[in-house]
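Please look through the structure shown below. The paragraphs after it start from a single residue and work outward to the helices and the aromatic rings.

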Amino acid sequence: MARPSERRAEARQVFRACARALYISNDSIDAFLSSATPGQLAACTGLLEGELAHRERTKRQRLLRQARFPLPKSLDDFDWAHVRFPDGWGLDEMRSLSFTDDAEDLVFYGKTGRGKTHAAIGLGMSAVAAGMPVRFYQTAQLVLTLGKA
């Protein structure tokens, strides 16, 4: 069981992490921590954690709106039986979204009705859940948009 001094130090660390995530200066944090009672520290930490959670929720909602998916889809609902991947690359690599770190492209192609749009939307939804900005375009729509530009 943690001693009171350890719990107090942990509470201060949690408060400091939340406050820094909200860009509150170290000087302001130190000033508050020097005079805060345990109850005040707990209340303010709860407030900061609530604000951070709210910001994270609204960020995901905003990213989802900006992505402009025609329908919500999931990679979990997709039938991967007829999908082929290049050698040395597969479903796990795609689901990990590691290709985005290297700014690599991912192209879905095939006959009509094979699930390319479903897979693209499902992958985009995964990226949004990871906090990445996404924009969904169908090929014809993208060509028109680029033509206007």
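In which helix is Thr-45 found? In this predicted model, Thr-45 belongs to helix α3. Its relative accessible area is 9%, so Thr-45 is buried, the cut-off for that being under 20%. Leaving aside residues up to four places away in sequence, Thr-45 touches Ala-11, Val-14 and Phe-15.

The helix that carries Thr-45 runs over residues 38-67, which makes 30 residues. From the first C-alpha to the last, α3 reaches 43 Å, close to the 44 Å expected at 1.5 Å a residue. Besides Thr-45, the buried residues of α3 are Leu-41, Leu-48, Leu-63 and Ala-67. An α-helix has 3.6 residues a turn, so residues three or four places apart point the same way. The buried residues of α3 pack against α1 (4-21), α2 (26-35) and α6 (116-129). After the helix comes Arg-68, which has a positive phi, near 60°.

Take α2 next, as one of these partners. Two packed helices are described by the angle between their axes and the distance between the axes. For α2 and α3, the axes come within 8 Å and cross at roughly 140°. This crossing makes α2 oblique to α3, because only angles over 145 degrees count as roughly antiparallel. At the contact, Phe-32, Leu-33 and Ser-35 of α2 meet Gln-40, Leu-41 and Cys-44 of α3. Leu-41 is thus a residue of this contact and is also among the buried residues of α3.

Another partner of α3 is α6. This helix has 14 residues and spans 20 Å from its first C-alpha to its last, close to the 20 Å expected at 1.5 Å a residue. Which residues of α6 are buried? They are His-118, Ala-119, Ile-121, Gly-122, Leu-123, Gly-124, Ala-127 and Val-128. Their cover includes α3, α4 (91-96) and α5 (98-101). Just after α6, Gly-131 has a positive phi of about 90°.

The aromatic rings come next. How many aromatic pairs does a search of the whole structure find? The search gives 6. In one of the pairs, the rings of Phe-69 and Phe-136 have their centres 6.1 Å apart and their planes at 55°; the pair is therefore tilted, since edge-to-face requires planes over 60 degrees apart. This pair links distant parts of the chain, 67 residues apart: Phe-69 lies in the loop between α3 and α4, and Phe-136 in the loop between α6 and α7 (139-148). Both rings belong to buried residues, with a relative accessible area of 15% for Phe-69 and 10% for Phe-136.

A second pair is formed by Phe-78 and Trp-80, whose ring centres are 4.5 Å apart. Their planes stand at 70°, so this pair is edge-to-face. Phe-78 is buried at a relative accessible area of 11%, and Trp-80 is buried at 19%, a value that falls under the 20% cut-off. Phe-78 and Trp-80 are also members of one aromatic cluster, together with Phe-85, Trp-89 and Phe-99.

A ring can also face a charge. The charged end of Arg-135 sits over the ring of Tyr-137, at 4.2 Å from the ring centre.

Notes
Residues numbered from 1 in each chain as written. Predicted model: local features only at pLDDT ≥ 70, side-chain atom pairs only at ≥ 80, totals over all residues. Heavy atoms only, no water. Helix = DSSP H or I, 4+ residues; strand = E, 2+ residues; numbered from the N terminus. Expected span 1.5 Å × (residues − 1). Buried < 20%, exposed > 50% of the residue type's maximum accessible area, 1.4 Å probe, protein only. Contact = heavy atoms within 4.5 Å. Phe/Tyr/Trp six-rings, centres within 6.5 Å; stacked < 30°, edge-to-face > 60°. Lys NZ or Arg CZ within 6 Å of the ring centre and 35° of its normal. Axes fitted to C-alpha atoms, helices over the stretch in contact; angles between N-to-C directions. Parallel < 35°, antiparallel > 145°, perpendicular 65-115°, else oblique.
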